[in-house]
2 protein chains.
Amino acid sequence: MDNNSINKIALIGAGNVATQLGKAFKRSGKSVIQVYSRSKSTAEMLSEVVGAESISDIYQLTNKADLYVISVPDNAITNVLSDIRLKDRLLVHTSGALPMDVLSVASLNIGVFYTLQTFSKEKDIEFKDTPICIEANTTSNKNLLFELAEEISENVRYLDSDLRKIAHLAAVFANNFTNYMYTIALDILEKHNLPFDLIRPLINETAEIIKNNRAYEMQTGPAIRNDEETVRKHLEYLKAYPEYQQIYDMITKSIMTRHKKANEDDKL
Amino acid sequence: MDNNSINKIALIGAGNVATQLGKAFKRSGKSVIQVYSRSKSTAEMLSEVVGAESISDIYQLTNKADLYVISVPDNAITNVLSDIRLKDRLLVHTSGALPMDVLSVASLNIGVFYTLQTFSKEKDIEFKDTPICIEANTTSNKNLLFELAEEISENVRYLDSDLRKIAHLAAVFANNFTNYMYTIALDILEKHNLPFDLIRPLINETAEIIKNNRAYEMQTGPAIRNDEETVRKHLEYLKAYPEYQQIYDMITKSIMTRHKKANEDDKL
């Protein structure tokens with residue numbers, strides 16, 4: 001292993017994150033030399049794209065990579081790690097929620113390479129703006145990972161496992177729960193044969209507007225206007241969807257509380 | 001009044017919606033002849049932009065407009081309407097939640113011109129894609145409003161008051177509640193001095209990806225993966241924010257239920 005930079009990379013896992021990372025590594029001139037996936041066809045699909053060898057037997061894992069990126073679901077990682085012994089080869093995971101230390105069973109040199117983005121296999125991501133959060137167990141590993149990350153992104157920073165968990169939680173609200181708000185909106189529209197096109201520009205503008213504004217200051221709608229009559233009508237309509245009704249009620253109350261509190265703070 | 005098209009428009013109200021509509025009307029060659037706002041300075045600000053007379057006394061409302069657009073908060077509209085008598089002049093409101101009929105105290109010719117978009121005064125909106133939902137009490141009024149709407153947008157449709165309420169409710173989820181998810185994410189980040197830049201690209205991509213995909217199918221995260229360990233850790237962390245904890249808990253459960261149901265439906 002060349003201690004001065006990472007050139008040869010092995011991907012353990014071939015899901016959305018591994019796919020987009022593999023493509024980004026390749027674009028920046030790195031060699032992805034091997035792709036492992038439990039599923040032979042999944043491994044082959046990604047290895048073809050990045051020009052790597054594909055394996056579906058973890059015991060065939062190469063010992064020639066400068067970096068091993070394990071990118072499998074959080075609840076599968078312990079199992080996969082139990083079959084890997086890398087000695088001092090640098091091993092990173094890509095999880096927001098898992099501490100770095102879970103990797104210590106498999107190597108002496110460990111770190112985290114967490115991309116704060118939502119990936120699909122099909123849609124390629126412009127990595128330039130993608131936040132990459134690095135953690136590492138030594139300064140030398142940290143430097144290696146920073147150098148690699150900065151070759152694909154301009155938004156790289158160091159976060160320890162605790163702070164990364166916070167960032168991941170924020171991402172759950174900003175991505176997972178936001179997507180669920182879209183889902184509920186769509187469910188309501190479809191129930192009445194109304195097209196998604198009705199709210200598509202709104203969704204776009206909602207995301208656009210906070211690029212230059214604080215989200216809280218952009219809050220509009222019945223809750224922040226304290227428009228109890230509209231809230232009452234909405235809750236009445238949502239009777240047919242008890243879970244959506246509860247979500248509506250709770251978010252509305254939280255917006256009202258936060259607004260009241262913000263106003264009181266202003267008065268102090 | 002030329003019965004064949006709308007040329008002269010009076011704006012009653014000078015908030016975000018009135019501002020963006022006024023600018024759009026002007027761009028499409030209409031004359032905005034008067035702007036009313038209770039606040040003299042607000043009326044003047046908008047009337048300057050659109051080249052109209054400004055009034056802050058409702059009794060000075062012109063009788064020369066082809067169309068009167070009342071765009072004030074829902075809970076203020078009844079008060080303002082009580083001071084307006086337009087006889088047969090065409091009057092529309094711009095509210096998602098109010099039925100058209102609230103206008104009948106003020107005119108015989110009424111309708112709705114509901115733009116399904118989030119507006120600020122500062123940021124001009126590309127109206128071409130903005131959905132405009134029209135309602136009217138006669139076919140002739142409907143035709144007049146359609147013609148006007150189609151001059152500023154390619155996304156115009158007729159929705160009666162009941163369907164408009166549904167669309168508005170969907171918009172509350174897609175915009176108001178989505179913005180609140182951003183707010184919570186930001187609150188969590190700021191508490192730990194983490195920058196919004198960490199999730200900005202994620203928010204962007206979350207809105208981007210559903211342009212070509214169904215929101216539900218794009219759902220990712222601990223809830224849909226049934227990752228109970230991560231959910232437990234997040235709820236534990238959120239103890240310090242009881243309302244955010246409840247929102248997290250409820251949305252997570254709803255995602256899990258909906259996912260289970262969708263899987264069962266697949267099996268039928």
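Here is a short tour of the sheet, the helices and the core in this structure. Please keep in mind that the model is predicted. Chain A holds an open sheet of eight strands, and residues of chains A and B appear together among the best-connected members of the largest nonpolar core.

**The sheet of chain A**
- Reading across the sheet, the strand order is β3-β2-β1-β4-β5-β6-β7-β8, with mixed pairing.
- At the edges stand β3 (53-55) and β8 (156-158); each has a single partner strand, so one side of each lacks a neighbour in the sheet.
- On average, neighbouring strands are turned by 25° against each other, direction ignored.
- Five bridges join β1 (residues 8-12) and β2 (residues 31-36) of chain A in the parallel sense, and I12(A) sits opposite Y36(A) in β2(A).

**Helices on the sheet**
- Helix α1 (residues 16-27) of chain A lies across β1, β2, β4 (67-70) and β6 (110-115), and runs at about 95° to β6(A).
- Helix α4 (residues 139-152) of chain A also packs on the sheet, with β7 (132-136) and β8 among the strands it touches; its direction makes about 165° with that of β7(A).

**Where the chains meet**
- Helix α5 (residues 161-191) of chain A packs against helix α7 (residues 228-237) of chain B at about 100°, with axes 11 Å apart; angles of 65 to 115 degrees count as roughly perpendicular, and the two helices therefore fall in that class.
- Residues of α5(A) including K165(A), H168(A) and V172(A) meet T230(B), K233(B), H234(B) and Y237(B) in α7(B).
- By class, this contact has four nonpolar, three polar and two charged residues.

**The core**
- The largest nonpolar core has 134 residues, and I70, F173 and I251 of both chains are those with the most contacts inside it.
- F173(A) touches residues of chain B including M181(B), I184(B), L238(B) and Y248(B), as well as T178(A).

How values were computed
Residues numbered from 1 in each chain as written. Chains lettered and ligands numbered in written order. Predicted model: local features only at pLDDT ≥ 70, side-chain atom pairs only at ≥ 80, totals over all residues. Heavy atoms only, no water. Core = buried A, V, L, I, M, F, W, Y, C linked by side-chain atoms within 4.5 Å. Buried < 20%, exposed > 50% of the residue type's maximum accessible area, 1.4 Å probe, protein only. Contact = heavy atoms within 4.5 Å. Pairing = 2+ DSSP bridges. Helix = DSSP H or I, 4+ residues; strand = E, 2+ residues; numbered from the N terminus. Axes fitted to C-alpha atoms, helices over the stretch in contact; angles between N-to-C directions. Parallel < 35°, antiparallel > 145°, perpendicular 65-115°, else oblique. Nonpolar A, V, L, I, M, F, W, Y, C, P; charged D, E, K, R; others polar. Lists of a residue's contacts leave out its neighbours within four places in sequence.
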